[in-house]
Amino acid sequence: MENKMDKQSPKAKPAGEYDYKMILAGAGCVAAMSTFGAYRAKWTNVFKASYASTWLTLGPATLMYVTPDEATQRKRIAEASSRRTGVQTDRQVESGQIGQSVEERRRQIESMRMS
């Protein structure tokens with residue numbers, strides 16, 4: 001009989017992958033709490049070190065959570081492009097062939113210069 005806990009859920013990550021955003025955010029929160037504690041205790045050097053580590057961990061973690069990942073961004077761009085041109089296919093989206101061709105872009109720039 002197989003234990004239900006041994007099976008991985010479909011959303012589970014492989015054993016070697018880590019969620020770096022969560023690790024960075026956790027370290028940033030710890031640094032922020034130590035900054036507050038050092039400020040209250042008036043430990044100047046500890047405060048400076050923890051303040052710097054808060055900026056170096058919590059700031060990038062926040063940006064990583066706020067900005068969309070590359071796959072999501074490519075999908076959004078492809079959808080916007082397909083609405084505009086009506087010719088995008090899923091295969092073009094997956095291969096990274098999204099947006100305008102170089103010739104189309106040059107024509108667009110030339111028309112803007114003329115007007």
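In the predicted model, the side chain of Thr54 places a polar atom 3.3 Å from the backbone nitrogen of Ala32. A polar atom of the Thr54 side chain also lies 2.8 Å from the backbone oxygen of Ser50. Thr54 belongs to helix H2. With a relative accessible area of 14%, Thr54 is buried, because the limit for that class is under 20%. When neighbours within four places in sequence are set aside, the contacts of Thr54 are Gly28, Ala31, Ala32, Thr35 and Gly59.

One of these partners, Thr35, is located in helix H1. Thr35 is likewise a buried residue, and its relative accessible area is 10%. A polar atom of the Thr35 side chain is found 2.8 Å from the backbone oxygen of Ala31. Beyond its neighbours within four places in sequence, Thr35 is in contact with Phe47, Ser50, Tyr51 and Thr54. Ala31 thus appears in two settings: its backbone oxygen lies by the side chain of Thr35, and Ala31 is among the residues in contact with Thr54.

The setting of Thr54 within its helix was examined next. Helix H2 covers residues 44-66. At 1.5 Å a residue, a span of 33 Å is expected for the 23 residues of H2, and the end C-alpha atoms are 32 Å apart, so the two values agree. The buried residues in H2 include Ser50, Thr54, Thr57 and Ala61. An α-helix has 3.6 residues a turn, so residues three or four places apart point the same way. Helix H1, residues 20-41, is included in what covers the buried residues of H2.

Tyr51 is also a residue of helix H2. Its relative accessibility is 41%, and Tyr51 is therefore classed as partly exposed; this class lies between the limits of 20% and 50%. Although Tyr51 and Ala31 are 20 residues apart in sequence, their C-alpha atoms are 7.2 Å apart in space. The side chain of Tyr51 forms a polar contact of 3.1 Å with the side chain of Trp55.

Tyr51 and Trp55 also take part in an aromatic cluster, which is completed by Tyr39 and Phe47. Three aromatic pairs are present in the structure. For Tyr39 and Phe47, the ring centres are 5.8 Å apart and the planes stand at 50°, so this pair is tilted. The angle falls in the tilted class because planes under 30 degrees apart count as stacked and those over 60 as edge-to-face. Tyr39 has a relative accessible area of 55% and is exposed, whereas Phe47, at 25%, is partly exposed. Phe47 is also among the residues in contact with Thr35. Elsewhere, Lys21 is positioned over the face of Tyr65, at 5.3 Å from the ring centre.

The loop between H1 and H2 contains Lys42. The phi angle of Lys42 is near 60°, which is a positive value in a residue other than glycine. Lys42 has a relative accessibility of 72% and counts as exposed, since the limit for that class is over 50%.

The protein chain as a whole contains five helices and zero strands. From the N terminus on, its elements follow the order α-α-α-α-α. Of the 115 residues in the protein chain, 11% are buried. The accessible surface of the protein chain is about 10100 Å², and carbon and sulfur atoms account for 59% of this surface. Among contacts between residues at least 6 apart in sequence, 40% connect residues at least 24 apart.

Key:
Residues numbered from 1 in each chain as written. Predicted model: local features only at pLDDT ≥ 70, side-chain atom pairs only at ≥ 80, totals over all residues. Heavy atoms only, no water. Helix = DSSP H or I, 4+ residues; strand = E, 2+ residues; numbered from the N terminus. Buried < 20%, exposed > 50% of the residue type's maximum accessible area, 1.4 Å probe, protein only. Polar contact = N/O pair within 3.5 Å; in protein donor to acceptor, adjacent residues only side chain to side chain. Phe/Tyr/Trp six-rings, centres within 6.5 Å; stacked < 30°, edge-to-face > 60°. Lys NZ or Arg CZ within 6 Å of the ring centre and 35° of its normal. Contact = heavy atoms within 4.5 Å. Areas by Shrake-Rupley, 256 points an atom, 1.4 Å probe, with all protein chains shown as cover. Expected span 1.5 Å × (residues − 1).
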